[in-house]
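Trainee: Got a minute to go through this one with me? I'd like to start with how the helices pack.

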Amino acid sequence: MTFSFCAKLPNCCNIYPPGIPTNNLTRKFISHVILSDQRKRRISTRRPSPIRSYPKTVVEPLHVIILMCHEYQKDDFKISTNPALLDVDVIHAFLSRSYWARGIPRDLVIKSLDNSLCFGLYYQNRQIGFARVITDYTTQAYLCDVFILETYQGQGLGRWLIECIATCPDLRGIRHLMLATADAQEFYRKIGFSELAVPENFMEKLYYRPWFKPDEVDH
Ligand SMILES: CC(C)(COP(=O)(O)OP(=O)(O)OC[C@H]1O[C@@H](n2cnc3c(N)ncnc32)[C@H](O)[C@@H]1OP(=O)(O)O)[C@@H](O)C(=O)NCCC(=O)NCCS
C-alpha cells in the first residue's frame, strides 16, 4: 500500500479525511500549500480616503483540502482512492445504464464523486471498476455505485474491491458499512455482509428523481 497527497483548492477548510494523523511530512506539505496559495492570492488594493490612501495587502481566506490516497496493486490491476484518476466518462456511462441510476445526468455523477470517498479499479491504468462510499469517516459509511465492467466480471475483482473498501484505513472505527442491492446479496454475503439484524429499526424516505428512467434498465 502506498500513500500520496493531493491538494485541491479551495474546496474545504479541513484536512480531509478528518482525523488523519499528521506527521512532519504532512505538516510541511500543508504549510507549503498554504504559503504558495497565499502568495497567489495576495492582492493589492487602495482604500479610497479623502485624506490619505494606503496601499493595503489583502489575503483572502484560504481553504485547503489534503487527501491521503490509498493504493492497492495486484498484477496489472490497481485500486486507488485518488480522485484525480477517476474516469468520469466510464463511470457515467455505466451508472446511466444501471438499474439504480438509469438516466443520471453527468453533472450529478460529478457532484456525487466530489462528495464521496471513491475507489477506482484500473487495468493498465484504464478504469474498469468503481465503488463509492458516502461517509463521515467516523461513525457511518454507505457503499454504493459498485460495478465491474462486464468483460472483467467473474475474476474476483469485485471481491477484491469490496475487501479493500471494508479494510480501508479511512473507515477504521466506523460502526456501520451499509449498502442496498436488488440482486447481488450473495456476492456481498461471501465478503462478510449480512442482512439487517433488526430491519424494523431502519427507516427510509424516498425522493422523486425527475431524471430516473426505471423502464429502460440494462443491468
Ligand atoms: C456484482 C459485481 C460487482 C461483482 O463483481 P465480480 O468481479 O464479477 O465478482 P467476483 O468475481 O469478485 O465474485 C466473487 C464471488 O461472488 C459471486 N458473485 C458475483 N456476482 C454475483 C451476483 N451478482 N450475485 C451473486 N453472486 C455473485 C461470484 O460467483 C464469486 O463467487 P465465488 O467466490 O464462490 O466464486 C459485478 O458483477 C457487477 O458489476 N455487476 C453489475 C453491477 C451490479 O450489480 N453492482 C452491484 C450493485 S449493488
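**Helices, core and ligand**

Mentor: Sure, and keep in mind that this is a predicted model. The axes of α2 and helix α3 (residues 106-114) cross at roughly 115° and come within 10 Å.

Trainee: Which residues make the contact?

Mentor: From α2 you have Val88, Ile91, His92 and Leu95, and α3 brings Arg106, Val109 and Ile110. Sorted by type, the contact of α2 with α3 has five nonpolar residues, one polar and one charged.

Trainee: And is the crossing of α2 and α3 right-handed or left-handed?

Mentor: The crossing is right-handed.

Trainee: Staying with α3, is Ser112 buried or exposed?

Mentor: In between. Ser112, which is found in helix α3, is partly exposed because it has 18 other C-beta atoms within 10 Å, and a buried residue needs 20 or more.

Trainee: How far is the C-alpha atom of Ser112 from that of Arg132?

Mentor: They are separated by 8.6 Å, with the two residues 20 apart along the chain.

Trainee: Okay, zooming out. What's the secondary structure of the chain?

Mentor: It comes to five helices and nine strands. Starting at the N terminus, the order is β-α-β-β-β-β-α-α-β-β-β-α-β-α.

Trainee: How much of the chain is buried?

Mentor: Buried residues are 18% of the 219 in the chain.

Trainee: And which residues touch the most others in the largest nonpolar core?

Mentor: That core has 27 residues, and the ones touching the most other members are Phe119, Leu121, Ala131, Leu161 and Ile165. At least two core residues come from each of α2 (88-95), β6 (117-123), β7 (126-135), β8 and α4. As a rule, nonpolar side chains in soluble globular proteins tend to be buried together.

Trainee: What does Leu121 touch, leaving out residues up to four places away in sequence?

Mentor: Leu121 touches Phe77, Ile79, Ile128, Gly129, Phe130, Ile148, Leu157 and Leu161.

Trainee: What share of contacts join residues at least 24 apart?

Mentor: Counting contacts between residues at least 6 apart in sequence, 64% do.

Trainee: Last topic, the ligand. How many residues surround it, and which are the closest?

Mentor: There are 17 around the ligand, and the closest are Gln153, Gly158, Arg159, Thr181 and Glu186. The elements giving two or more residues to that shell are β8 (140-148), α4 (157-166) and α5 (185-189).

Trainee: How many residues of that shell are charged?

Mentor: Four are charged, alongside six nonpolar and seven polar. Notice that β8 and α4 turn up in the shell around the ligand and in the core as well.

Definitions and conventions: Residues are numbered from 1 along each chain as its sequence is written. This is a predicted model: local features need pLDDT of at least 70, side-chain atom pairs count only at pLDDT 80 or more; totals for chains, interfaces and linings use all residues. A residue is near a molecule or strand if its C-beta atom, placed from the backbone, lies within 6 Å of it. Helices (H or I, at least four residues) and strands (E, at least two) are DSSP runs, numbered from the N terminus. Ala, Val, Leu, Ile, Met, Phe, Trp, Tyr, Cys and Pro count as nonpolar, Asp, Glu, Lys and Arg as charged, and the others, Gly among them, as polar. A nonpolar core is a set of buried Ala, Val, Leu, Ile, Met, Phe, Trp, Tyr and Cys residues joined through C-beta atoms within 7 Å. A residue is buried if 20 or more other C-beta atoms lie within 10 Å of its own, exposed if 12 or fewer, and partly exposed in between; C-beta atoms are placed from the backbone. Two residues are in contact if their C-beta atoms, placed from the backbone, lie within 7 Å. Axes are lines fitted to C-alpha atoms, for helices over the stretch in contact, and angles run from 0 to 180 degrees between N-to-C directions. A crossing is left-handed if the near helix is turned anticlockwise from the far one by less than a right angle, and right-handed if clockwise.
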